[in-house]
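The following exercises concern strand pairing, burial and overall dimensions. Please examine the sequence and the structure before reading the worked solutions.

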Amino acid sequence: MSRRLYSIRGNDQRLDGGAMFGNAPKSLWERWAPADSDNRIDLATRAMLVHEEGRFILFEAGIGAWQSPRMRERYGVQDSTNRLIHSLDLHGLTPSDIHVVVLSHLHFDHAGGLLSDWSEDAPPRLGFPNATFLVSRRHWERALSPHVRDQASFIPELNQQLAESGRLALVDDASHPLLGPGYRFHFSDGHTPGMMLTELDGDHGPVVFGADLVPGRAWVHTSISMGYDRFPELLLDEKRTLLASLAKRHGRLFYTHDPSTALSHITRDAQGRFGSANNKGSVRGVEI
Ligand SMILES: [Zn+2]
């Protein structure tokens, strides 16, 4: 079966570099991500699109432009319109053409792009009128009753509209009938409980959507976690397991937050250190 992969840029974001690299000192992380005068670094919010057998499957939706101007400023969101929609349009697609949206988790920088742009007069509305939304059941429970520590990362209006849409499908297992064979879910709790990473089978090895377990190439370093990760030690263990498995199977990782790399192979050297190779800045219809 032909399965083609595309990278779809959502709105870029600028966030505090210290927060993005946890307890790593700036002297270390600024080699990977240069900071501006406010100590902020460039981040992408990139979605992955799969085209197969006449249907389109979107993995995440980027941060979008549903935020008030004040919130946009606070979170360094670039542009006041939803770039994801423009990026789909470049491929001749609209949100109505998407059959399935797979959400790794419901933090606003991964799911906000499902909502309409901010307006003073009306609350944001859920788009993608023909899509079924896949979310892990454990993460859905977390999203409905978050801890005070990650409460600000969720969008209650989005959760409510997903629930009312009648098109929310909660995932319990490593596979789901809607996606069928060739897709497998990994669950990870280090960033947020029940985060769901999708693995796609490919003729040239597997591809995993790294979500916030490995948000970019800088985070392929096995001792690096984000300040946003709820359980950093667990996250590092989960990350090591995933990277070891990918390196062994000639696997690739798709990065949502890396500003310059969408996809790379995972390598392991003689000392056991993981790295990335064959870095692709964008992916346009690659057959996997
Ligand atoms: Zn994120």
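**Exercise 1: strand β4 and its partners**

Strand β5 (residues 55-59) and β4 are joined by five bridges and run antiparallel. The model is predicted: local features need pLDDT of at least 70, side-chain atom pairs count only at pLDDT 80 or more, and totals for chains, interfaces and linings use all residues. Residues are numbered from 1 along each chain as its sequence is written.

Task. Identify which residues stand opposite one another along β4, and describe its enclosure.

Solution.
1. Fix the terms: helices (H or I, at least four residues) and strands (E, at least two) are DSSP runs, numbered from the N terminus. Two strands pair if DSSP finds at least two bridges between them.
2. Take the pairing with β5: E52 stands opposite R55. In this hairpin, two residues lie between the strands, and E53 has a positive phi near 40°.
3. Take the other pairing: β1 (residues 3-9) meets β4 (residues 46-52) in the antiparallel sense over seven bridges. Here R3 faces E52, while I8 faces A47.
4. Assess burial (20 or more other C-beta atoms within 10 Å of a residue's own; exposed means 12 or fewer, partly exposed in between; C-beta atoms are placed from the backbone). Five of the seven residues of β4 are buried, so the strand is largely enclosed by the rest of the structure.

**Exercise 2: the sheet as a whole**

Task. Establish the strand order of the open sheet and determine which strands form its edges.

Solution.
1. The order of the seven strands is β8-β7-β6-β5-β4-β1-β15, with mixed pairing.
2. β8 (168-171) and β15 (284-287) are the edge strands, each pairing on one side only.
3. On average, neighbouring strands are turned by 25° against each other, direction ignored. Axes are lines fitted to C-alpha atoms, for helices over the stretch in contact, and angles run from 0 to 180 degrees between N-to-C directions.

**Exercise 3: core and dimensions**

Task. Characterise the largest nonpolar core and compare the radius of gyration with that of a compact globule.

Solution.
1. A nonpolar core is a set of buried Ala, Val, Leu, Ile, Met, Phe, Trp, Tyr and Cys residues joined through C-beta atoms within 7 Å. The largest has 75 residues, and V101 and F254 have the most contacts inside it.
2. The radius of gyration is taken over C-alpha atoms, and the globule rule is 2.2 Å times the number of residues to the power 0.38. For 288 residues the rule gives a value near 19 Å; the protein has 18 Å, which agrees.
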